[in-house]
Amino acid sequence: MQMSRPSLPPKRAAARSRGRTIVTLVLLASFAPATALAALRVVATVPDLGAVAREIGGDSVAVDVLVPPSQDPHYVDARPNLVLPLARADLLIVNGLELEVGWLPPLLRSCRNPAVQLGQPGYFDGGLIVERKQAPGTLPTRAQGDVHAAGNPHYTHDPASVAALAPALGERLAQLDPAHAAAYRARAGELARRLQSMVAAARAKVAAVPAARRQLVAYHASLVYLFDTFGLHQVATVEPLPGIPPNPSHVAKVLATLRSSGAPAIVQEPYYPRSISKTLAKLAKVSLVILPGGASFATGETYTARAQRTIEALYAAIGAN
């Protein structure tokens, strides 16, 4: 008598199915034709870095981005469809500073692409280039909230930080694609100069605003690079600790700070909850300003245009004309 094969438990069956899906995608990627005219396939974890790569690379690169600007880059589902671009990539650009630590490692293991693994020329970590802020110095504990041991990872909001990163990325592209090296370096230098000029003009405009109006409340501790560059002061955050939802006691403290400091606005990215921010803004009679979560990569927005949108949103927050 033929014995029937025992069925797998549901969780193991789902895991096996998902594993087969990942392997299938990787195999398909290995046989997929190369994009016409694209010397390099580039993958960026976040849209700002994807937009920078596209500005520097021009027609010599094909760029994919793993996380849209509407999604919190801390929390990403490592779905099988994200493996495909990694399996085909010549260069992976990561934000670094542990921003992707919860979801990128399993994707890198699954993609089976040695070119983009940590330590290889095809792995570019922007967090190693920029001047890090808020590095705790000691290993943080959960009692401190979602604090990153390497420093605050949210530097791409700040065009000055990206200006510092651009030449290094141009050099990496030049290393991987020597035939277009001169063009990469030229475009990277041009982007850096354009962002530096933008920052200088914005700093002068912000500096003309009274000091009391240059105080702001943020939702998450994600705007320190941006605020420091433009001479703005964060007087409070809606979250009591990074990544910890606000409780009534903390909300009351933030409201008191808004009223006593004269801060004109609460600013936050679109992927953070807005209900408490809206309530605080209404009670304190201040504005709630939503900053871009990143470049609108899918619509072709450049990082330069994204930086200008951010600056305009800051002007609106502090009342600069």
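Two strands pair if DSSP finds at least two bridges between them. In this predicted model, that criterion brings in strand S5, residues 215-218, and its neighbours.

Strand S5 has two such neighbours to consider. With strand S7 (residues 265-268), S5 shares two bridges, and the two strands run parallel. Within this pairing, Ala218 has Val267 of S7 as its bridge partner. With strand S6 (residues 233-237), S5 shares four bridges, again in a parallel arrangement. Here Val217 lies opposite Ala236 of S6. Between S5 and S6 the chain passes through helix H7 (residues 224-230), and the resulting β-α-β crossover is right-handed.

The side chains of S5 can be followed one by one. In a regular strand, side chains alternate between the two faces of the sheet. Gln215 and Val217 point one way from S5, while Leu216 and Ala218 point the other way. Which of these residues are buried? Gln215, Leu216, Val217 and Ala218 all are.

Next comes a residue with a contact in strand S7. Ser277 belongs to helix H9, which covers residues 275-284. Its relative accessible area is 0%, and because buried means under 20%, Ser277 counts as buried. Which residues does Ser277 contact, once neighbours within four places in sequence are left aside? They are Tyr219, Val238, Ile266, Gln268 and Leu288.

Ala313, in helix H10 (residues 303-318), can be read in a similar way. With a relative accessible area of 11%, Ala313 is also buried. Residues up to four places away in sequence aside, Ala313 touches Val289, Ile290 and Leu291. Ile290 is 23 residues from Ala313 along the chain, yet the C-alpha atoms of the two are separated by 7.5 Å.

The last stop is a contact between two helices. Helix H2 (residues 47-57) packs against helix H6 (residues 181-207) with the axes 7 Å apart and at an angle of about 125°. Angles over 145 degrees count as roughly antiparallel and those from 65 to 115 as roughly perpendicular; the angle between H2 and H6 fits neither class, so the two helices are oblique to each other. Which residues make the contact? From H2 come Val52, Glu55, Ile56 and Gly57, and these meet Tyr184, Arg187, Ala188, Leu191 and Arg194 of H6. By class, the residues of this contact are five nonpolar, one polar and three charged. Gly57 is one of the H2 residues involved, and Gly counts as polar in this division.

Conventions. Residues are numbered from 1 along each chain as its sequence is written. This is a predicted model: local features need pLDDT of at least 70, side-chain atom pairs count only at pLDDT 80 or more; totals for chains, interfaces and linings use all residues. Side-chain values use heavy atoms; hydrogens and water are left out. Axes are lines fitted to C-alpha atoms, for helices over the stretch in contact, and angles run from 0 to 180 degrees between N-to-C directions. Angles under 35 degrees count as roughly parallel, over 145 as roughly antiparallel, 65 to 115 as roughly perpendicular and the rest as oblique. Contact means heavy atoms within 4.5 Å. Buried means under 20% relative accessible area, exposed over 50%, partly exposed in between (1.4 Å probe, protein chains only). A crossover is right-handed if, with the strands pointing away from the viewer, the path from the first strand over the helix to the second runs clockwise.
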